[in-house]
Amino acid sequence: MFTLISATPSPYARKVRIALAEKNLPFTLQTEVPWDNTTKTPQYNPLEKLPVLILEDGKSAVYESSYILEWLEAKYPDTPLLPSHTQVDDRLFARKIEVVADGVCDALVLAFFENMREPEKKSQPWVDRQMRKVEGGLRALGEWAEQKQGGYLVGDRLSLADIAVGSLCGYLACRWPSHGWADTYPALKKHWQMLEERPSFQDTRPSPQTMKDKIV
Ligand SMILES: N[C@@H](CCC(=O)N[C@@H](CS)C(=O)NCC(=O)O)C(=O)O
């Protein structure tokens, strides 16, 4: 059985948890705080980040959420989470949406830690730069959600695009509760609410974690 190193607020780990659930692949959940020195991630991932999917031998590991998803898609193509190889444009579009959703998460994480600095050490231009990416990414995702009017973002079934976008929205709700994204992009909110009805989303709702180590 697989083991997944995960963190409760992580949108990257949540994508993998949802994909594993949708593909009916059993796994043991190993919850960690990746920012603390107790994390086991360095044993498996030279980049010291989660999610990490540890394989059945307990030693080999797959890491980086988008690569884990690609790996799962290649190894376990039943219950596909991407359009078929013959639908090349749809398949690539789903990956593009995932790139934007992940990029918004990356910018939010950078801004989150910059905001954690002592006020005199914090760089407002850096935060502003990251938040411009967040707004740009959300605008693009909001437009794509509007075009599909309540349906799945690509084709007529759940794909990695929906999973990535739903994980981002959940992360915003968890770590950025005062961000007004849901009012600004109602189609995105509606899409997220539709996804949150699935058991794979309900069972993986994010929650904040407390970090013990000093990060910045
Ligand atoms: N691009 C990576 C991002 C993963 C990531 O940033 N993970 C965070 C937790 S949400 C982490 O483990 N950070 C620890 C660190 O960077 O030291 C992915 O998609 O897997």
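Domain bounds here come from an automatic or database domain assignment. With that in hand, let's walk through the structure, which is a predicted model. The assignment splits the protein into domain 1, residues 2–75, and domain 2, residues 88–198. Measure from C-alpha centre to C-alpha centre and the two domains sit 21 Å apart. Where they touch, domain 1 puts in 13 residues and domain 2 puts in 19 residues.

UniProt has its own way of marking up the chain. Its unreviewed entry carries the annotation "domain: GST N-terminal" over residues 1–80. That span is 34% helix and 20% strand, and its end C-alpha atoms lie 20 Å apart. Further along, the unreviewed entry in UniProt places "domain: GST C-terminal" at residues 90–216. Here the mix is 68% helix and 0% strand, with 40 Å between the end C-alpha atoms.

Now back to the place where the two assigned domains meet. The size of an interface is often given as the accessible area lost when the parts come together. For domain 1 and domain 2, that buried area is about 1400 Å², and 61% of it is on carbon and sulfur atoms. There is charge pairing here too: 4 salt bridges are counted between domain 1 and domain 2. If you'd like one to look at, try K15 and D102, whose side chains meet in a salt bridge at 2.7 Å, N to O. Polar contacts also cross this interface, with 6 residue pairs found between domain 1 and domain 2.

Which elements give two or more residues to the side of domain 1 that touches domain 2? They are α1, residues 11–22, and α3, residues 65–75. Of the elements on that side, α1 gives the most, with 7 residues. Sort the residues on this side of domain 1 by type and you get 7 nonpolar, 2 polar and 4 charged.

Next, have a look inside helix α4, which runs over residues 88–116 and holds both R95 and E98. These two are 3 residues apart, about one turn of the helix. Their side chains meet in a salt bridge, at 3.0 Å from N to O.

Finally, a couple of backbone details are worth a stop, and both are in loops. Where does P51 lie? You'll find P51 in the loop between α2, residues 41–44, and β3, residues 52–54. The peptide bond that joins L50 and P51 is cis, with omega at about 10°. The other stop is T79, in the loop between α3 and α4. Its phi is near 50°, a positive value in a residue other than glycine.

Key. Residues are numbered from 1 along each chain as its sequence is written. This is a predicted model: local features need pLDDT of at least 70, side-chain atom pairs count only at pLDDT 80 or more; totals for chains, interfaces and linings use all residues. Side-chain values use heavy atoms; hydrogens and water are left out. UniProt positions are given in the numbering used here, feature names are shortened, and annotations may be inferred rather than shown by experiment. Helices (H or I, at least four residues) and strands (E, at least two) are DSSP runs, numbered from the N terminus. Contact means heavy atoms within 4.5 Å. Buried area is the accessible area (1.4 Å probe) that two parts lose on being put together, summed over both. A polar contact is a pair of N or O atoms within 3.5 Å; within protein, one must be able to donate a hydrogen and the other to accept it, and residues adjacent in sequence count only if both atoms are side-chain atoms. Ala, Val, Leu, Ile, Met, Phe, Trp, Tyr, Cys and Pro count as nonpolar, Asp, Glu, Lys and Arg as charged, and the others, Gly among them, as polar.
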